[in-house]
Amino acid sequence: MAKPLAGIRIADFTVHNAGPFCTHLLSQLGAEVIKIESAMRPDAFRKPHPVYGRMGPATFDQVASTKMSVRINLKKAEGIALAKRIVAVSDIAAESFRPGVMDRLGLGYEALKAVKDDIVMLSVSSSGQSGPDSHFAGYAPLFGAWGGLGELTGYEDGPPVEIRHVMDHTVGMNSAVAVMAALQRRRATGQGGHVDVAAREVAASLVGDMLLLAAAGGVPARQGNAHARMAPHGVYPAKGEDRWLAFAITSDAEWRALTGLMGRAELATDQRFVDEPHRQANRVALDAIVSEWTVTQDANEAAAKLQQAGIGAHASWTTPEIAGDEHLRARRAIVEVAEPDGKLRAAVGVPMRLSKGAEIGIHRGTPKLGEHEDHVYGNLLGIGRDERRALEDAEVIY
(Lines give C-alpha, C1' and ligand atoms only; values in the text may rest on other atoms or scores of the structure.)
Protein backbone atom coordinates (compact mmCIF):
# COMPACT_ATOMS: atom_id res chain seq x y z
CA MET A 1 0.00 0.00 0.00
CA ALA A 2 1.30 3.46 -0.88
CA LYS A 3 2.48 5.67 1.95
CA PRO A 4 -0.02 8.40 2.90
CA LEU A 5 2.02 11.27 1.40
CA ALA A 6 2.97 9.41 -1.78
CA GLY A 7 2.78 11.82 -4.72
CA ILE A 8 3.83 14.86 -2.64
CA ARG A 9 7.18 16.33 -3.62
CA ILE A 10 9.28 18.72 -1.51
CA ALA A 11 12.08 21.03 -2.66
CA ASP A 12 14.13 21.01 0.53
CA PHE A 13 16.41 24.00 1.15
CA THR A 14 16.50 23.43 4.93
CA VAL A 15 19.76 23.18 6.87
CA HIS A 16 20.98 22.07 10.29
CA ASN A 17 18.29 20.23 12.29
CA ALA A 18 14.86 21.76 12.94
CA GLY A 19 13.79 22.25 9.31
CA PRO A 20 15.45 19.04 8.09
CA PHE A 21 13.69 17.04 10.83
CA CYS A 22 10.36 18.30 9.51
CA THR A 23 11.08 17.18 5.94
CA HIS A 24 12.57 13.94 7.30
CA LEU A 25 9.26 13.11 9.00
CA LEU A 26 7.35 13.94 5.82
CA SER A 27 9.69 11.73 3.79
CA GLN A 28 8.96 8.80 6.09
CA LEU A 29 5.26 9.38 5.49
CA GLY A 30 5.87 9.03 1.76
CA ALA A 31 6.77 12.48 0.43
CA GLU A 32 9.56 12.63 -2.15
CA VAL A 33 12.07 15.04 -0.63
CA ILE A 34 14.76 16.56 -2.85
CA LYS A 35 17.49 18.04 -0.67
CA ILE A 36 19.24 20.95 -2.39
CA GLU A 37 22.82 21.72 -1.39
CA SER A 38 26.22 22.07 -3.05
CA ALA A 39 29.80 20.90 -2.72
CA MET A 40 30.71 24.54 -2.11
CA ARG A 41 28.29 24.76 0.80
CA PRO A 42 26.99 21.34 1.89
CA ASP A 43 24.70 21.06 4.88
CA ALA A 44 26.77 21.84 7.97
CA PHE A 45 25.68 18.54 9.52
CA ARG A 46 27.31 16.47 6.75
CA LYS A 47 30.65 16.89 8.52
CA PRO A 48 31.90 13.89 10.56
CA HIS A 49 31.27 13.91 14.31
CA PRO A 50 33.82 11.64 16.03
CA VAL A 51 32.09 12.41 19.34
CA TYR A 52 29.31 10.04 18.24
CA GLY A 53 31.75 7.14 18.08
CA ARG A 54 32.31 6.96 14.33
CA MET A 55 33.77 9.23 11.69
CA GLY A 56 30.46 9.55 9.88
CA PRO A 57 27.88 12.33 9.88
CA ALA A 58 25.64 10.88 12.60
CA THR A 59 23.77 14.16 13.10
CA PHE A 60 23.07 14.36 9.37
CA ASP A 61 22.01 10.71 9.16
CA GLN A 62 19.16 11.23 11.61
CA VAL A 63 17.50 13.91 9.45
CA ALA A 64 18.52 12.95 5.90
CA SER A 65 17.74 9.28 5.38
CA THR A 66 15.11 8.52 2.71
CA LYS A 67 15.73 11.92 1.07
CA MET A 68 17.19 12.51 -2.38
CA SER A 69 20.17 14.80 -2.95
CA VAL A 70 21.05 17.16 -5.78
CA ARG A 71 23.74 19.80 -6.09
CA ILE A 72 22.86 23.37 -7.01
CA ASN A 73 25.11 26.40 -6.63
CA LEU A 74 22.66 29.05 -5.42
CA LYS A 75 25.29 31.78 -5.78
CA LYS A 76 24.80 31.68 -9.55
CA ALA A 77 21.74 33.04 -11.37
CA GLU A 78 21.57 29.81 -13.37
CA GLY A 79 21.48 27.91 -10.07
CA ILE A 80 18.50 29.94 -8.90
CA ALA A 81 16.76 29.23 -12.20
CA LEU A 82 17.49 25.51 -11.80
CA ALA A 83 16.14 25.53 -8.24
CA LYS A 84 12.94 27.16 -9.51
CA ARG A 85 12.54 24.37 -12.03
CA ILE A 86 12.52 21.89 -9.15
CA VAL A 87 10.01 24.04 -7.25
CA ALA A 88 7.81 24.11 -10.36
CA VAL A 89 7.35 20.34 -10.15
CA SER A 90 7.01 20.29 -6.34
CA ASP A 91 4.16 20.77 -3.89
CA ILE A 92 6.20 22.20 -1.03
CA ALA A 93 9.32 24.35 -0.77
CA ALA A 94 10.94 24.25 2.68
CA GLU A 95 13.69 26.50 4.03
CA SER A 96 15.22 27.35 7.40
CA PHE A 97 17.49 30.32 6.73
CA ARG A 98 17.39 33.61 8.58
CA PRO A 99 14.45 35.75 7.34
CA GLY A 100 15.40 37.69 4.20
CA VAL A 101 17.94 35.19 2.86
CA MET A 102 15.54 33.47 0.47
CA ASP A 103 14.24 36.84 -0.79
CA ARG A 104 17.80 38.02 -1.48
CA LEU A 105 18.47 34.82 -3.41
CA GLY A 106 15.35 35.37 -5.49
CA LEU A 107 13.65 32.36 -3.92
CA GLY A 108 11.23 34.08 -1.53
CA TYR A 109 7.56 33.14 -1.36
CA GLU A 110 6.37 35.64 -3.98
CA ALA A 111 9.11 34.53 -6.39
CA LEU A 112 8.21 30.86 -5.93
CA LYS A 113 4.49 31.60 -6.15
CA ALA A 114 5.18 33.14 -9.57
CA VAL A 115 6.77 29.82 -10.58
CA LYS A 116 4.00 27.64 -9.12
CA ASP A 117 0.86 29.44 -8.04
CA ASP A 118 -0.29 26.84 -5.49
CA ILE A 119 3.10 26.16 -3.87
CA VAL A 120 3.12 25.67 -0.10
CA MET A 121 6.25 27.27 1.32
CA LEU A 122 7.56 26.48 4.80
CA SER A 123 9.89 28.91 6.54
CA VAL A 124 11.40 27.80 9.85
CA SER A 125 13.37 30.43 11.78
CA SER A 126 14.25 31.39 15.32
CA SER A 127 11.72 34.22 15.74
CA GLY A 128 9.49 34.18 12.66
CA GLN A 129 9.30 36.09 9.39
CA SER A 130 7.96 39.28 10.99
CA GLY A 131 8.23 41.22 14.24
CA PRO A 132 11.02 43.24 15.89
CA ASP A 133 13.21 40.17 16.55
CA SER A 134 12.76 38.47 13.20
CA HIS A 135 16.38 39.19 12.23
CA PHE A 136 17.79 37.23 15.19
CA ALA A 137 19.82 34.12 14.42
CA GLY A 138 19.22 31.17 16.70
CA TYR A 139 20.00 27.57 17.48
CA ALA A 140 18.32 24.99 19.75
CA PRO A 141 19.69 26.20 23.13
CA LEU A 142 18.50 29.72 22.30
CA PHE A 143 15.02 28.50 21.40
CA GLY A 144 14.59 26.98 24.86
CA ALA A 145 16.06 30.07 26.51
CA TRP A 146 13.79 32.47 24.61
CA GLY A 147 10.70 30.35 25.18
CA GLY A 148 11.19 29.84 28.92
CA LEU A 149 11.91 26.11 28.83
CA GLY A 150 15.53 26.58 29.89
CA GLU A 151 14.57 28.65 32.91
CA LEU A 152 12.16 25.92 34.05
CA THR A 153 14.55 23.01 33.46
CA GLY A 154 17.20 22.03 36.00
CA TYR A 155 17.59 21.91 39.75
CA GLU A 156 16.41 24.58 42.17
CA ASP A 157 19.94 25.51 43.22
CA GLY A 158 21.44 25.23 39.72
CA PRO A 159 21.44 27.20 36.46
CA PRO A 160 18.92 26.84 33.63
CA VAL A 161 19.62 23.85 31.39
CA GLU A 162 20.49 24.05 27.69
CA ILE A 163 17.90 22.19 25.62
CA ARG A 164 19.35 20.95 22.35
CA HIS A 165 18.05 18.34 19.91
CA VAL A 166 14.69 17.89 21.60
CA MET A 167 13.97 21.57 20.86
CA ASP A 168 14.94 21.23 17.19
CA HIS A 169 12.83 18.11 16.83
CA THR A 170 9.82 19.68 18.52
CA VAL A 171 10.06 22.60 16.09
CA GLY A 172 10.28 20.09 13.23
CA MET A 173 7.19 18.20 14.39
CA ASN A 174 5.18 21.42 14.72
CA SER A 175 6.33 22.41 11.24
CA ALA A 176 5.25 19.06 9.78
CA VAL A 177 1.75 19.46 11.25
CA ALA A 178 1.50 23.02 9.90
CA VAL A 179 2.61 21.94 6.42
CA MET A 180 0.07 19.13 6.28
CA ALA A 181 -2.64 21.59 7.34
CA ALA A 182 -1.57 23.90 4.48
CA LEU A 183 -1.69 20.95 2.07
CA GLN A 184 -5.22 20.12 3.21
CA ARG A 185 -6.23 23.77 2.73
CA ARG A 186 -4.78 23.67 -0.78
CA ARG A 187 -6.69 20.51 -1.49
CA ALA A 188 -9.93 22.20 -0.41
CA THR A 189 -9.38 25.63 -2.00
CA GLY A 190 -6.68 25.23 -4.63
CA GLN A 191 -4.61 27.88 -2.86
CA GLY A 192 -1.07 27.45 -1.58
CA GLY A 193 0.38 29.57 1.18
CA HIS A 194 3.36 30.56 3.28
CA VAL A 195 3.78 28.62 6.56
CA ASP A 196 5.77 30.65 9.10
CA VAL A 197 7.12 28.67 12.11
CA ALA A 198 9.06 30.49 14.85
CA ALA A 199 11.10 28.18 17.07
CA ARG A 200 10.88 30.44 20.13
CA GLU A 201 7.08 30.42 19.85
CA VAL A 202 7.10 26.62 19.73
CA ALA A 203 9.13 26.65 22.96
CA ALA A 204 6.81 29.17 24.61
CA SER A 205 3.78 27.06 23.65
CA LEU A 206 5.15 24.25 25.85
CA VAL A 207 5.12 26.31 29.06
CA GLY A 208 1.50 27.42 29.00
CA ASP A 209 0.78 26.13 32.51
CA MET A 210 3.70 28.12 33.90
CA LEU A 211 2.56 31.26 32.08
CA LEU A 212 -0.86 30.86 33.68
CA LEU A 213 0.76 30.43 37.09
CA ALA A 214 2.80 33.58 36.57
CA ALA A 215 -0.30 35.50 35.44
CA ALA A 216 -2.03 34.44 38.66
CA GLY A 217 0.81 35.86 40.75
CA GLY A 218 2.77 32.64 41.22
CA VAL A 219 6.51 32.29 40.76
CA PRO A 220 7.40 29.34 38.49
CA ALA A 221 10.70 27.75 39.47
CA ARG A 222 13.00 24.91 38.52
CA GLN A 223 12.04 21.70 40.32
CA GLY A 224 14.69 19.25 39.17
CA ASN A 225 13.02 15.82 39.09
CA ALA A 226 10.38 16.77 41.65
CA HIS A 227 6.67 17.03 40.92
CA ALA A 228 4.17 19.52 42.32
CA ARG A 229 1.94 16.70 43.62
CA MET A 230 3.55 13.27 43.33
CA ALA A 231 6.19 12.03 45.77
CA PRO A 232 8.33 10.01 45.48
CA HIS A 233 8.86 11.16 41.91
CA GLY A 234 12.12 11.30 40.01
CA VAL A 235 15.26 9.48 38.94
CA TYR A 236 17.01 7.61 41.73
CA PRO A 237 20.49 6.03 41.91
CA ALA A 238 20.62 2.30 41.23
CA LYS A 239 23.22 -0.41 41.73
CA GLY A 240 26.32 -0.02 39.57
CA GLU A 241 28.22 2.88 38.05
CA ASP A 242 25.99 5.61 36.64
CA ARG A 243 22.84 3.47 36.74
CA TRP A 244 19.50 5.11 37.49
CA LEU A 245 15.89 4.18 38.09
CA ALA A 246 12.96 6.44 37.24
CA PHE A 247 9.53 6.03 38.81
CA ALA A 248 6.56 7.98 40.12
CA ILE A 249 4.08 7.31 42.92
CA THR A 250 0.66 8.58 41.91
CA SER A 251 -1.49 7.42 44.84
CA ASP A 252 -1.45 6.28 48.46
CA ALA A 253 -2.07 2.70 47.29
CA GLU A 254 1.08 2.83 45.13
CA TRP A 255 3.02 4.24 48.08
CA ARG A 256 1.97 1.29 50.22
CA ALA A 257 3.00 -1.09 47.43
CA LEU A 258 6.42 0.59 47.26
CA THR A 259 6.99 0.31 51.00
CA GLY A 260 6.27 -3.40 50.70
CA LEU A 261 8.83 -3.83 47.90
CA MET A 262 11.35 -1.88 49.94
CA GLY A 263 10.76 -4.08 52.97
CA ARG A 264 9.81 -0.96 54.90
CA ALA A 265 6.09 -1.49 55.61
CA GLU A 266 6.32 0.80 58.66
CA LEU A 267 6.78 3.79 56.31
CA ALA A 268 3.21 3.38 55.09
CA THR A 269 1.93 4.55 58.48
CA ASP A 270 4.72 7.02 59.20
CA GLN A 271 2.95 10.35 59.73
CA ARG A 272 5.52 12.14 57.57
CA PHE A 273 4.51 10.09 54.54
CA VAL A 274 0.96 8.93 55.26
CA ASP A 275 -0.62 10.76 52.30
CA GLU A 276 0.34 12.88 49.28
CA PRO A 277 0.42 16.28 51.06
CA HIS A 278 2.63 14.90 53.84
CA ARG A 279 4.96 13.13 51.40
CA GLN A 280 5.28 16.32 49.37
CA ALA A 281 6.04 18.37 52.49
CA ASN A 282 8.73 15.88 53.53
CA ARG A 283 10.03 15.18 50.04
CA VAL A 284 13.74 15.68 50.83
CA ALA A 285 13.70 13.15 53.68
CA LEU A 286 11.56 10.80 51.59
CA ASP A 287 13.93 10.89 48.60
CA ALA A 288 16.86 10.06 50.88
CA ILE A 289 15.05 6.99 52.26
CA VAL A 290 14.00 5.82 48.79
CA SER A 291 17.53 6.29 47.46
CA GLU A 292 18.92 4.07 50.21
CA TRP A 293 16.82 1.26 48.73
CA THR A 294 17.24 1.98 45.01
CA VAL A 295 21.04 2.13 45.23
CA THR A 296 21.03 -1.55 46.24
CA GLN A 297 18.84 -2.57 43.29
CA ASP A 298 19.59 -3.49 39.69
CA ALA A 299 17.74 -0.80 37.70
CA ASN A 300 16.08 -3.13 35.18
CA GLU A 301 15.11 -5.74 37.77
CA ALA A 302 13.70 -3.12 40.14
CA ALA A 303 11.72 -1.53 37.31
CA ALA A 304 10.15 -4.90 36.51
CA LYS A 305 9.13 -5.39 40.16
CA LEU A 306 7.65 -1.89 40.33
CA GLN A 307 5.71 -2.38 37.10
CA GLN A 308 4.35 -5.69 38.40
CA ALA A 309 3.14 -3.83 41.51
CA GLY A 310 1.32 -1.31 39.31
CA ILE A 311 3.89 1.49 39.66
CA GLY A 312 5.13 3.31 36.54
CA ALA A 313 8.88 2.73 36.43
CA HIS A 314 11.81 2.11 34.13
CA ALA A 315 15.57 2.08 34.18
CA SER A 316 17.17 5.20 32.71
CA TRP A 317 18.56 3.52 29.63
CA THR A 318 21.74 4.26 27.78
CA THR A 319 21.61 4.68 24.00
CA PRO A 320 23.07 1.18 23.35
CA GLU A 321 20.24 -0.27 25.45
CA ILE A 322 17.68 1.68 23.44
CA ALA A 323 19.24 0.65 20.12
CA GLY A 324 19.07 -3.01 21.14
CA ASP A 325 15.56 -2.91 22.63
CA GLU A 326 13.41 -5.78 21.30
CA HIS A 327 10.17 -3.83 21.78
CA LEU A 328 11.33 -0.83 19.72
CA ARG A 329 12.69 -3.12 17.01
CA ALA A 330 9.46 -5.14 16.92
CA ARG A 331 7.53 -1.92 16.32
CA ARG A 332 10.15 -0.69 13.82
CA ALA A 333 10.94 2.36 15.93
CA ILE A 334 14.55 1.18 15.55
CA VAL A 335 15.37 -0.18 12.10
CA GLU A 336 18.39 -1.37 10.15
CA VAL A 337 19.08 0.82 7.12
CA ALA A 338 21.53 0.23 4.27
CA GLU A 339 23.91 3.17 3.89
CA PRO A 340 25.69 4.13 0.61
CA ASP A 341 28.73 2.11 1.69
CA GLY A 342 26.54 -0.98 1.84
CA LYS A 343 26.70 -1.38 5.60
CA LEU A 344 23.59 -1.80 7.70
CA ARG A 345 23.25 0.67 10.56
CA ALA A 346 20.62 1.17 13.24
CA ALA A 347 18.40 4.18 12.63
CA VAL A 348 15.50 5.82 14.43
CA GLY A 349 12.24 5.07 12.65
CA VAL A 350 9.11 7.18 12.42
CA PRO A 351 7.40 7.35 15.87
CA MET A 352 3.90 6.38 14.71
CA ARG A 353 2.00 3.50 13.11
CA LEU A 354 -0.88 3.39 10.63
CA SER A 355 -3.41 0.60 10.20
CA LYS A 356 -4.36 -1.35 7.09
CA GLY A 357 -0.81 -2.19 6.11
CA ALA A 358 0.40 1.31 5.25
CA GLU A 359 4.18 0.92 5.58
CA ILE A 360 5.72 4.18 6.74
CA GLY A 361 9.26 4.83 7.87
CA ILE A 362 12.80 4.85 6.52
CA HIS A 363 13.37 2.84 3.36
CA ARG A 364 16.71 4.27 2.24
CA GLY A 365 19.84 5.47 4.02
CA THR A 366 21.57 8.85 3.96
CA PRO A 367 22.11 10.09 0.40
CA LYS A 368 25.53 10.93 -0.97
CA LEU A 369 25.87 14.52 -2.13
CA GLY A 370 24.27 14.67 -5.58
CA GLU A 371 23.32 10.98 -5.57
CA HIS A 372 19.92 11.43 -7.24
CA GLU A 373 20.72 13.88 -10.02
CA ASP A 374 20.00 11.39 -12.80
CA HIS A 375 16.43 11.03 -11.52
CA VAL A 376 15.79 14.68 -10.65
CA TYR A 377 17.51 16.37 -13.59
CA GLY A 378 16.80 13.66 -16.13
CA ASN A 379 13.44 12.13 -15.26
CA LEU A 380 11.73 15.06 -13.51
CA LEU A 381 13.14 18.08 -15.33
CA GLY A 382 13.97 16.48 -18.69
CA ILE A 383 17.46 17.99 -18.80
CA GLY A 384 19.48 16.34 -21.56
CA ARG A 385 23.07 15.18 -21.36
CA ASP A 386 24.54 18.22 -23.13
CA GLU A 387 22.64 20.77 -21.03
CA ARG A 388 23.57 18.99 -17.83
CA ARG A 389 27.24 18.82 -18.79
CA ALA A 390 27.16 22.55 -19.54
CA LEU A 391 25.63 23.27 -16.11
CA GLU A 392 28.29 21.13 -14.46
CA ASP A 393 31.09 22.85 -16.42
CA ALA A 394 29.72 26.23 -15.35
CA GLU A 395 29.63 25.01 -11.72
CA VAL A 396 25.89 25.53 -11.52
CA ILE A 397 25.48 21.86 -10.69
CA TYR A 398 28.35 21.76 -8.21
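**Briefing: a hairpin, its sheet and two nonpolar cores**

Strands E7 and E8 form a hairpin with six residues between them, and Gly240 in the turn has a positive phi of about 105 degrees. The model is a predicted one. Besides the hairpin, the points below cover the sheet that contains E7 and E8, the largest nonpolar core, of 35 residues, and helix H1, which is largely enclosed by the rest of the structure.

**Hairpin and sheet**

- E7 spans residues 233-237 and E8 spans residues 244-248; the two pair in the antiparallel sense over five bridges.
- Within this pairing, Gly234 stands opposite Phe247 of E8, while Pro237 has Trp244 in E8 as its bridge partner.
- The hairpin strands belong to an open sheet of three strands, ordered E7-E8-E9, with antiparallel pairing.
- E7 and E9 (313-315) are the edge strands, each pairing on one side only.
- From one strand to the next, the twist averages 15 degrees.
- Helix H13 (residues 283-294) packs on the sheet and touches E7 and E8. The direction of H13 makes about 45 degrees with that of E7.
- In a regular strand, side chains alternate between the two faces of the sheet.

**Nonpolar cores**

- In soluble globular proteins, nonpolar side chains tend to be buried together.
- The largest nonpolar core here has 35 residues, and those with the most contacts inside it are Leu26, Leu122, Met167 and Val171.
- Elements that each supply at least two residues of this core include helices H1 (18-28), H6 (140-147), H8 (165-189) and H9 (199-205). Strands E4 (92-95), E5 (120-125) and E6 (193-198) also each supply at least two.
- H8 gives the largest share of this core, six residues.
- A second, separate core has 27 residues, among them Phe13, Ile80, Ala93 and Leu381.

**Helix H1 and Leu26**

- All 11 of the 11 residues of H1 are buried, so the helix is largely enclosed by the rest of the structure.
- The buried residues of H1 include polar ones as well as nonpolar ones: among them are Thr23, His24, Ser27 and Gln28, together with Phe21, Leu25 and Leu26.
- Leaving aside neighbours within four places in sequence, Leu26 is in contact with Leu5, Ile10, Ala31, Ala176, Val179 and Met180.
- H1 is followed by Gly30, which has a positive phi, near 115 degrees.

Definitions and conventions
Residues numbered from 1 in each chain as written. Predicted model: local features only at pLDDT ≥ 70, side-chain atom pairs only at ≥ 80, totals over all residues. Heavy atoms only, no water. Core = buried A, V, L, I, M, F, W, Y, C linked by side-chain atoms within 4.5 Å. Buried < 20%, exposed > 50% of the residue type's maximum accessible area, 1.4 Å probe, protein only. Helix = DSSP H or I, 4+ residues; strand = E, 2+ residues; numbered from the N terminus. Contact = heavy atoms within 4.5 Å. Pairing = 2+ DSSP bridges. Axes fitted to C-alpha atoms, helices over the stretch in contact; angles between N-to-C directions.
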